[in-house]
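Please open the structure in your viewer and keep the selection tool at hand. The tour below goes from one selection to the next.

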Amino acid sequence: MRDHGRAGTLREQAERLHRLSVEATDDGRPALAARRLRQALDLLAWNSGRDDGEGDGLVARLLISLAHAEAEQGRSELGMELLDEAQRRAPAGELAIVHAQRGLMHLRMGSSTQALRELDIAAPLLLDGDRVELARVLLNRSVIHLTTGRIRQARDDARRSAHLAHTHDHPVIAAKALHNDGYCDLLLGDVPAALGVFARVERLYQDVNPGFLPVLALDRARALLAVGLTDEAGHTLDRAIDGFRRQRLMQDYAEAELARAQCALDAGRHDEARDWARRAETHFRRRGSAAWARRAELMRLRSDLARGAAPRTVARRAWELAARFAELAMPDDGEMARLVSVRALIAAGHLTAAATTATAPSRKGSRPRGEPLDVRLMRHLAEAELADAQGLPGRALRKVRSGLTLIDSHRGTLGSLDMLTGVAALGADLAAHGLRAALEGSSPRQVFAWSERCRAQAFRFRPTRAPEDEQTAEALAELRQLAQQMHADEAAGRRRPALRRRCLELEQVIRERGWQLPGVGERLAPAPAAAVREALDEDGFALVSLLNVDGGLLALVLVNGRCHLHRLSAYEPVAEAARRLAGDLNAQAGRNLRPAMRAVIEASVQRQLGVISDALGAPLRQALSGARGIVLIPTMGLSAVPWGLLPELRGRPLAVAPSALVWLAARRAAEPFVRDGSSSVLVAGPDLEHAEREIERLGAVHPKARTLRGGSATVSATLSALDGASFAHFATHGHHERENVLFSRLDLADGPLMAHDLQRLDRTPGHVVLSACDVGQAVVRAGDELLGFTAALLYLGTSTVISSLTRVPDAVAEQVMMAYHRGVALGASPADALASAAEGEPACTFVCFGAG
């Protein structure tokens, strides 16, 4: 005889454990969910052979949930066996749940076709049933549509799921549905919109579903990879991987490893990319995720191709993978595999096979909204390489040009300087191929045109005004307050690492808010060579543009209407000399050097200048033979050279710019200097011995200038004075933040004025002088894209910036600045005034950036 009271109690306990297991699953803790589910099944003695009709429905639900929990921990085969058992036990009303769970498991294993078939069975069965379960089915079906590129259907399902979740008070599903909605934006190429949605989802997950935060981090990293921010994506993925490891979410763990491989590949670390891809492939295979394992294998092959390893093997295996992806209805992966095979065949010298593979039937154009950007860029690169190998350079350059146009269109959707400069990395291979093809053509004019098409393209796009929302304002206010505390600690000889950590957290909050800004779409057309030559002739200048192509240093010289190409030396020894020179000059600026040490440093300075001068002597001499001054376009690490110290350039007017286009645009925008200083601003910062005296003396040169000093030199007062001013001079401490360059700063009375703050100005001053150490430095990204305080001013429309690349002794800075201002006030151009003021000062590392 049955004890109905005890049976009821056991059933209630099992139901309670089931509810708790669902909460654990929703929170991303499958191991905890599995323990609770096995406890519940043991209570019901489910494997005792007893056929208890009353309990079978509950047993089936428990088995369904356990199947998912086991699969999430990497035991997919066991999960499928549990589902089969659940289907045998489930009453008719529970069959929809079985199909829904089987669909989810196929989805997680990468089997989209089977997953969609199961969910399409489940959805109609739930229309008049469990509406929360229907919301889950729609949520998972939206993921399938995302993976197969059906973005409209994905968004429809995600929004229907969200509506049902809100109606039936299920915030976890509602948050996940919003997450999928944001991923739709990402696949449509709108990274700022996606990151904006992800920020909202993060707040929801923190409240209702913290276990899902690593999954969100993985998708945020994918968004950052889509704009070339590989370092930031890598840091985000490291946090996600740690979370997945602790939660035993093995599918997500392996997906994060695969994304880490993409980070390394995009950053040019090919061996590291191969290692990450191999690890991910191993974990996918252990889990039974065959489709994902093939994706990881494709990434490994891409790494091998980049390393130049066994191209014939890569070609064969990539072609086989393309066929497998076609069988799995994974068209984007199949197309990428086909293109990898084409490039590998070209590398192996099998041009006939490459041409055949390149024209093989593919699924181009089959997706409603087109392919992912990385696939389209890979196609342009493969077709350009094939055309080049077939002796069709014109066709090759057309393919490169159209690929770079895709990058431009993508860049136009972005508003933050961070992303505008980062996205160049996506087209680095295309740009390099275009330059190599132009060099093979032996036309210096064509090489010049291509160099301008491939470098500092972010300057063609105006950044969006910085956000002034409450969250950003609060973070900025706290950051300034902490910076003041850290400054006081430094003066007192104290260190509080917690303050620095908090500053980094706040900087990240502000930076991420900036990533959400949409682009304004405005862009400058490339600079025609004829317009550059005309402007150079008017000024009596020549242009020297440096390039690093495949490790070789080249120089283009535009002088007297003609263009010349110089093949110089290896790039790296010259870059190493530039690095050593910067270190020596910083050491030389120390106050208490012993004579012997000073002599050693000065000798090293001369050696490094000699290395740079020897490498660049020929183009510089040619330029100066027909011009009185130079516009110099450096590349990569050579952006850190204080060019005025080179023997050939001492006393010569010199303007340094990221590209000829930037120089030309700045020159056109430059306004005549107002001699009485009526629209000028002079700012003295705190704790700088000569600042007050420098500003006072400059006031005599610019009698009508607005002066901010002492307690009046606050950030808000300074920004207000700068907005619309024609000229500004800062005598302050400066700091270049290499790890977070948009927070490079000038010290003011109430805290730092950061490069980020400049984006709040409606109109930056046309002419800015930074009598502060280091703030002429920049971090140089792929494509010679610059980030730093000086670069931020140039991006925002300032025509000329005078700033230093290293520390400058106070006495030298004050003397040079006074002479510079007197020259400008008498009508000299900034480049002429600085050349005259700095002549004979071996410790002067001030540079004229922009128009000159």
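What follows is a walk through the empty spaces of this model, which is a predicted one.

Begin with the enclosed spaces: a search of the whole structure finds five cavities of 30 Å³ or more, and the largest cavity has a volume of about 90 Å³. To find this cavity, select S416, G514, L742, H756 and Q759, which are the closest to its centre of the 14 residues that line it.

Next, colour the helices α21 (417-422) and α25 (497-515), each of which supplies at least two residues of the lining of the largest cavity. The largest share of that lining, four residues, comes from α25. If you then colour the lining of the largest cavity by class, you should find eight nonpolar, four polar and two charged residues.

Now move to the second largest pocket, whose volume is about 1200 Å³. Select H487, E490, H733, H735 and D747, which lie nearest the centre of this pocket among the 49 residues that line it.

From there, bring up the elements around the second largest pocket: the helices α24 (470-492), α25 and α33 (810-825), together with the strands β9 (734-735), β10 (745-748) and β11 (751-754), each supply at least two residues of its lining. Look along α24 in particular, since the largest share of this pocket's lining, eight residues, comes from that helix.

As a last step, colour the lining of the second largest pocket by class, where the residues divide into 22 nonpolar, nine polar and 18 charged.

Definitions and conventions. Residues numbered from 1 in each chain as written. Predicted model: local features only at pLDDT ≥ 70, side-chain atom pairs only at ≥ 80, totals over all residues. Heavy atoms only, no water. 1 Å grid on protein atoms, 1.4 Å probe; cavity = no way out; pocket = protein on both sides within 12 Å on 5 of 7 lines; lining within 4 Å. Points joined across faces, edges and corners; volume = space filled by probe spheres on them. Nonpolar A, V, L, I, M, F, W, Y, C, P; charged D, E, K, R; others polar.
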